[in-house]
Amino acid sequence: MVLKNIASFLKSHPLIFVFFSLLQIASMLTAVYLYSDTRANRVVLEKYRGTTSVFEIEYPNGTSFETVAQKIQDIAVQTKYPVANITVFADRENQFIADYKYNADNVDMGKQLQNPNDILLDAAYARKNGIEVGDTLTALNRSFTVSGLTLPTPGVETVFEIGYGALEKSDTVYKLGIRLENLPTKYETEAFSTLLTETFDAAVLPPQPRNYTDEYGFDAQLLVSFSVMLLVILNVSFLYQYILMKRKNKFAVFSICGCKRSRAFFILLAEILCYFLFHLGITAAIWFGFLKNLLIREETAEAGFTELGIAELLIPTAVYLAGVLCIFVPKLIKYARQTTVRLLYSEKE
């Protein structure tokens, strides 16, 4: 029944269908592109926030964890400059870390750190070296059990991660990364750098200066993206409404044939969903064919944004469909509640 109705509509209104298809595909691609572009810029912004809120303390020749442990605790709990986290780098290559405040949130397989002898490995490193969850690994002159594998974090080259409580007094520390909760002003950067220098008695590398154009330009872009998406949804919903006006006599026909109005409602709703799935398939082919590659720019690749998947297609199209249905379904319900005579009369009008 649904496919016959679609075929009948295409035969009687071919130009409307062609225009509808072009607008539908263009609208869905716009929604997908804006969402993915927003996500790409969020990755770049996250890298920017890291370079403008992280203070680094380096020990070229290394220092024992015992000499910095109490100082780390003092800095972590002081309130004038709220600290988001302190990362301890326990090797010269900066690939072995322990976070003072939080556990890894990018675990792909296995589980997060739960015991002092647990260790997390970068998934790519584990595959390259044939290491699996549950294997034993020797590091820092002692044995650890691989509890999980992690996905890459943009801008971070970490391979090994252990719990902060697993560090021992004799472990050697080569660098500390202290990240503030908020981006510091120029005055705060200078004051906090002085505080860190006095506390750790070591050279402090301050974060990158803030760029207010980059920092607040993202919000403007986000507003523009959602405004365009809203206009797209409204325009296409009006076209849906026009098609529905051309089809509302179907309710009268179904009623005359003895079909329940609820059944007629779902038949016409199924038609709309069929149109949507058809155009989603075309949109997916265009998106994965070439459009998504336009978002992998040099700055996003450097920030760790190197691929786009099915989520970037489905999430915005789901939001798009929900927006259209919120406008379309009430109209469909309105027609379903009208009498057969009224539907036929309004069709003639």
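**Group meeting: a buried aspartate and a surface patch**

Hi everyone, let me start with D118, which is buried but makes no salt bridge. The closest side chain of opposite charge belongs to K111, and that one sits 5.3 Å away. A salt bridge would need the nitrogen and the carboxyl oxygen within 4 Å. Please keep in mind as I go that this is a predicted model.

So where is D118 in the fold? You'll find D118 in strand 5, which covers residues 118-122. And what does the side chain of D118 reach? The backbone nitrogen of Q114, at 3.1 Å. Leaving aside residues up to four places away in sequence, D118 touches Q112, L113, F144, T145, S147 and I162.

Now let's zoom out for a moment. The protein has 11 helices and 10 strands. Of its 349 residues, 44% are buried. If you take the contacts with a separation of 6 or more, 80% of them join residues 24 or more positions apart. As for the outside, the accessible surface is about 18900 Å², and carbon and sulfur atoms hold 59% of that.

That brings me to my last stop, on the surface. Here F288, I310 and L314 make up a nonpolar patch, and together they have about 260 Å² of accessible area. F288 belongs to helix 8, residues 261-289. Is F288 partly exposed or buried? Partly exposed, because its relative accessibility is 34%, and buried would mean under 20%.

So those are my two places to look at on screen: D118 in strand 5, and the patch with F288, I310 and L314. Thanks for listening!

Note on methods. Residues numbered from 1 in each chain as written. Predicted model: local features only at pLDDT ≥ 70, side-chain atom pairs only at ≥ 80, totals over all residues. Heavy atoms only, no water. Patch = residues over 30% accessible without salt bridge, like charges linked within 9 Å, V, L, I, M, F, W, Y side chains within 5 Å. Areas by Shrake-Rupley, 256 points an atom, 1.4 Å probe, with all protein chains shown as cover. Helix = DSSP H or I, 4+ residues; strand = E, 2+ residues; numbered from the N terminus. Buried < 20%, exposed > 50% of the residue type's maximum accessible area, 1.4 Å probe, protein only. Contact = heavy atoms within 4.5 Å. Lys, Arg positive; Asp, Glu negative; His and termini not counted. Polar contact = N/O pair within 3.5 Å; in protein donor to acceptor, adjacent residues only side chain to side chain.
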